Amino acid sequence: MSADADALLVREAQAGNRNAFDMLVLKYQRRVERLLSRSVRDPADVADLCQETFLAAYRALPAFRGDSAFYTWVYRIAINAAQRHRARQQPLESLDDGEGTFGTQAHPTDDATPEALLASRQLARGLNEAVESLAEDQRRALLLREVDGLSYDEIADLMDCPAGTVRSRIFRAREALAARLRPLLSGGGWR
């Protein structure tokens, strides 16, 4: 489905066709869930925030002018929902439960040794810590590129900045990750 198809569905939904909006939800629900799961660890909270995002989008749909792509608009609604959720949860947060952005819980295979499992967990934990240590704009740009597979132009649209700025942020993020992970990958252990 192209941007033109999205625009048509938005116009239909604005005219009162709920099925058109349902099609947009079906198209983007998983992407919004993935986006939210980067900030919110509890799958039930992710589901609630996803529903809240699309409900807010539906309510605001009459005001949507189409200045940006529908997903860009929904993305911003989801980011705002996640930020409000984090602000509400801040005093309640405890130590990391071991399930990070890149899945630090190893699932043993028949040929996995305890040492290999430990190394895998340490690498995943180190990667998560390194990603979390990035500046917010670098982390968002990097995840949109590497996890969501968006183009630089799409990221620029989502982040409301020039594509050159996106390239710079991603470059700086990759450099910072490489510097943080180099000791772990070379066998020197994690600081």
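Is E146 buried, partly exposed or exposed? At 47% relative accessibility, E146 falls in the partly exposed class, because that class lies between the limit for buried residues, under 20%, and the limit for exposed residues, over 50%. This assignment, like those that follow, was computed from a predicted model.

The overall architecture was examined next. The protein chain contains 8 helices and 0 strands, and the order of its elements from the N terminus is α-α-α-α-α-α-α-α. The chain comprises 191 residues, of which 35% are buried.

In soluble globular proteins, nonpolar side chains tend to be buried together. In the present model, the largest nonpolar core contains 48 residues, and within it F21 and F70 touch the most other members. Two or more residues of this core are supplied by each of helix 1 (3–14), helix 2 (18–37), helix 3 (43–60), helix 4 (70–89), helix 5 (114–133), helix 6, helix 7 and helix 8. Helix 4 provides the largest share, amounting to 10 residues.

At the N-terminal end of the chain, L9 was considered in its helical setting. L9 is a residue of helix 1 and is classed as buried, because its relative accessible area of 12% is under the 20% limit. A separation of 5.1 Å was computed between the C-alpha atoms of L9 and A20, which are 11 residues apart along the chain.

Salt bridges were then sought across the whole structure, and 6 were found. One of these joins D67 to R65, with 2.5 Å between the closest N and O atoms. Both partners, D67 and R65, are exposed.

A further salt bridge pairs E136 with R139, and its closest N and O atoms are 2.4 Å apart. The two residues both belong to helix 6 (residues 136–146), where a spacing of 3 residues places E136 and R139 about one helical turn from each other. The partners fall into separate accessibility classes: E136 has a relative accessible area of 36% and is therefore partly exposed, whereas R139, with a value of 15%, is buried.

The salt bridge between R174 and E146 has its closest N and O atoms 2.2 Å apart. This pair connects distant parts of the chain, since R174 is located in helix 8 (residues 163–185) and E146 in helix 6, with their positions 28 residues apart in the sequence. R174 is partly exposed at 37% relative accessibility, and E146 is likewise partly exposed, with 47% of its relative area accessible.

Further pairs of residues were examined through their C-alpha separations. E146, which lies in helix 6, is 24 residues from I170 in sequence, and the C-alpha atoms of E146 and I170 are 9.5 Å apart in space. F171, a residue of helix 8, was also compared with Q138: these two are 33 residues apart along the chain, and their C-alpha atoms are separated by 8.7 Å. F171 has a relative accessibility of 53% and is therefore classed as exposed, since the exposed class begins over 50%.

The distribution of charge on the surface was also analysed. D153, E154, D157 and D160 together form a negative surface patch. Among these residues, E154 is located in helix 7 (residues 152–159) and is partly exposed, with a relative accessibility of 40%. D160, in turn, occupies the loop between helix 7 and helix 8. With a relative accessibility of 65%, D160 is exposed, because this value is over the 50% limit. The backbone of D160 is also notable for its phi angle, which is near 55°, a positive value in a residue other than glycine.

Taken together, these results describe a predicted model with 8 helices and 0 strands, whose largest nonpolar core of 48 residues receives two or more residues from elements including helix 1, helix 4 and helix 8. The salt bridge between R174 and E146 links helix 8 with helix 6, while the negative surface patch includes E154 and D160, the former in helix 7 and the latter in the loop between helix 7 and helix 8.

Definitions and conventions: Residues numbered from 1 in each chain as written. Predicted model: local features only at pLDDT ≥ 70, side-chain atom pairs only at ≥ 80, totals over all residues. Heavy atoms only, no water. Patch = residues over 30% accessible without salt bridge, like charges linked within 9 Å, V, L, I, M, F, W, Y side chains within 5 Å. Areas by Shrake-Rupley, 256 points an atom, 1.4 Å probe, with all protein chains shown as cover. Salt bridge = Lys/Arg side-chain N within 4 Å of Asp/Glu carboxyl O. Lys, Arg positive; Asp, Glu negative; His and termini not counted. Charge placed at Lys NZ, Arg CZ, Asp CG, Glu CD. Helix = DSSP H or I, 4+ residues; strand = E, 2+ residues; numbered from the N terminus. Buried < 20%, exposed > 50% of the residue type's maximum accessible area, 1.4 Å probe, protein only. Core = buried A, V, L, I, M, F, W, Y, C linked by side-chain atoms within 4.5 Å.
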